Amino acid sequence: MAATLIDGKAFAAKVRGQVAEHVARLKEQNGITPGLAVVLVGEDPASQVYVRSKGKQTVEVGMNSYEHKLEADTSEADLLALIDQLNNDASVHGILVQLPLPKHLDEDLVINSIAPEKDVDGFHISNVGLLGTGQKSMVPCTPLGCLMMLRDHHGSLSGMDAVVIGRSNIVGKPMAQLLLGDSCTVTIAHSRTKDLPDVVRRADIVVAAVGRPEMVPGDWIKEGATVIDVGINRIERGGKNVLVGDVDFASAAERAGAITPVPGGVGPMTIACLLANTVTACCRANNLAEPEGLTA
Ligand code: NDP
């Protein structure tokens, strides 16, 4: 393997350490404990695992964690009433509604009912607009984690050619906005892109967020490019269930300058950035200096 491994697990531990330091300072100097409320509707097994993990890590960095578990048949009115209560609760600085929601609930309506300054997932339409216009916003966690790793590896990203494969609202589009904000020349590719291999071959930075196991082979990667693999795909290999990314790691690592593995790359950064966003939201709510290096 020629490429440098970008170790998301170690980087996420560092981010959590910075968050914990800032939380300790807020408690000591200002008497404030940041609080994150997570709302889970229904019993989706994957969502339950994520919510448990978020709660555990929130407490580990010294913040308050408030979990609200609602029945799968909770009415929209009851969910909106809970969000309204959390919006008005001064001890709650971040609110996250775990997606997907059961089908009878309107996700857009629910997300847009969260106070934008407490929307630590960065999905509220106001935060999308603020990010798109280069203003201070809450930034979606997964793209923020990718940006932090890219900045850490390269320093400045200015002038680099970046390709984001995928145009979802939670990863692809905000990722492209962040790269543009750091003065990359950005191409967003998707399922209708003509000649994807050619588009990828021109990129100094490739962010793959597709959800198709190992679809990007090594020979699409420009020599020395940095590859950030957001994909998480569960496949069967050699009789075992394994996790793989959207990039064929083995062949891409032969050509890339640096690459994130799956697992242990982007994945651990997502919750770390959720914690970072919560401490940022808490500082903004109290007109205090934001922690450095934890926002876009
Ligand atoms: P979506 O399904 O919402 O979006 C996938 C995107 O990939 C779409 O824009 C789609 O294009 C594009 N696409 C599909 N097929 C192709 C193709 N053959 N060539 C080019 N583009 C294609 O997925 P998400 O953005 O939500 O997630 C992407 C991946 O990232 C998933 O594996 C997911 O599990 C993972 N993920 C990981 C996270 C983490 O913490 N590490 C967090 C969030 C997601 P089109 O719009 O044209 O349909």
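**Figure 1. The largest pocket.** In this predicted model, the largest pocket holds about 1,200 Å³ of space. Its lining has 40 residues, and those closest to the centre of the pocket are Tyr 50, Thr 142, Ile 232, Gly 267 and Thr 270. Start with those five if you want to find your way around. What kinds of residue make up the lining of the largest pocket? Sort them by class and you get 23 nonpolar, 11 polar and 6 charged residues.

**Figure 2. Who builds the wall of the largest pocket?** Several elements each give at least two residues to this lining: helix H2 (45-60), strand E4 (94-97), helix H6 (141-154) and helix H10 (266-285). Now think about domains. The assignment for this protein gives domain 1, covering 29-117, and domain 2, covering 141-268. Measure from centre to centre over C-alpha atoms and these two domains are 29 Å apart. Both of them take part in the largest pocket, with at least three lining residues coming from each.

**Figure 3. The second largest pocket.** This one has a volume of about 410 Å³. Look for Gly 122, Phe 123, Val 128, Asn 169 and Ile 170, which lie nearest the centre of the pocket among its 17 lining residues. Helix H4 (107-111), helix H5 (125-132) and helix H7 (172-181) each put at least two residues into the lining. Which element gives the largest share? That would be H5, with 4 residues. By class, the lining of this second pocket comes out as 9 nonpolar, 5 polar and 3 charged residues. Here, too, domain 1 and domain 2 each contribute at least three residues.

**Figure 4. A six-stranded sheet.** Follow the strands across this open sheet and you read the order E1-E11-E8-E7-E5-E6, with parallel pairing. Strand E1 (4-5) and strand E6 (185-189) sit at the edges; each has a single partner strand, so one side of each has no neighbour in the sheet. Zoom in on the E6 edge and you'll see strand E5 (residues 161-165) pairing with E6 in the parallel sense over 5 bridges. One spot to look for: Asp 161 stands opposite Thr 185 in E6. Helix H6 packs on this sheet and touches E1, strand E7 (205-208), strand E8 (226-229) and strand E11 (258-259). The direction of H6 makes an angle of about 160° with that of E8.

**Figure 5. A three-stranded sheet with a helix on it.** This open sheet has 3 strands in the order E3-E2-E4, and the pairing is again parallel. Which strands stand at the edges? They are strand E3 (64-70) and E4, each with just a single partner strand, so one side of each is left without a neighbour in the sheet. From one strand to the next, the twist averages 15°. Strand E2 (residues 35-41) runs parallel to E4, and 4 bridges join the two. Val 39 is opposite Val 97 in E4, so to speak its facing residue across the pair. Packed on the sheet is helix H3 (residues 76-87), which touches E2, E3 and E4, and its direction makes about 180° with that of E2.

**Figure 6. A hairpin.** Here strand E9 (residues 233-237) and strand E10 (residues 240-244) pair in the antiparallel sense, with 5 bridges. Within that pair, Ile 235 stands opposite Val 242 in E10. How many residues lie between the two strands of the hairpin? There are 2, and Gly 238 in the turn has a positive phi of about 55°.

**Figure 7. Three backbone oddities.** Most residues other than glycine have a negative phi, and most peptide bonds are trans. Now for the exceptions. Leu 99 and Pro 100 are joined by a cis peptide bond, with omega about 0°, and Pro 100 sits in the loop between E4 and H4. The bond from Val 262 to Pro 263 is cis as well, with omega near 0°; look for Pro 263 in the loop between E11 and H10. Finally, Glu 214 isn't a glycine, yet it has a positive phi of about 50°. You'll find Glu 214 in the loop between E7 and E8.

Notes: Residues numbered from 1 in each chain as written. Predicted model: local features only at pLDDT ≥ 70, side-chain atom pairs only at ≥ 80, totals over all residues. Heavy atoms only, no water. 1 Å grid on protein atoms, 1.4 Å probe; cavity = no way out; pocket = protein on both sides within 12 Å on 5 of 7 lines; lining within 4 Å. Points joined across faces, edges and corners; volume = space filled by probe spheres on them. Nonpolar A, V, L, I, M, F, W, Y, C, P; charged D, E, K, R; others polar. Domains from an automatic or database assignment. Pairing = 2+ DSSP bridges. Contact = heavy atoms within 4.5 Å. Axes fitted to C-alpha atoms, helices over the stretch in contact; angles between N-to-C directions.
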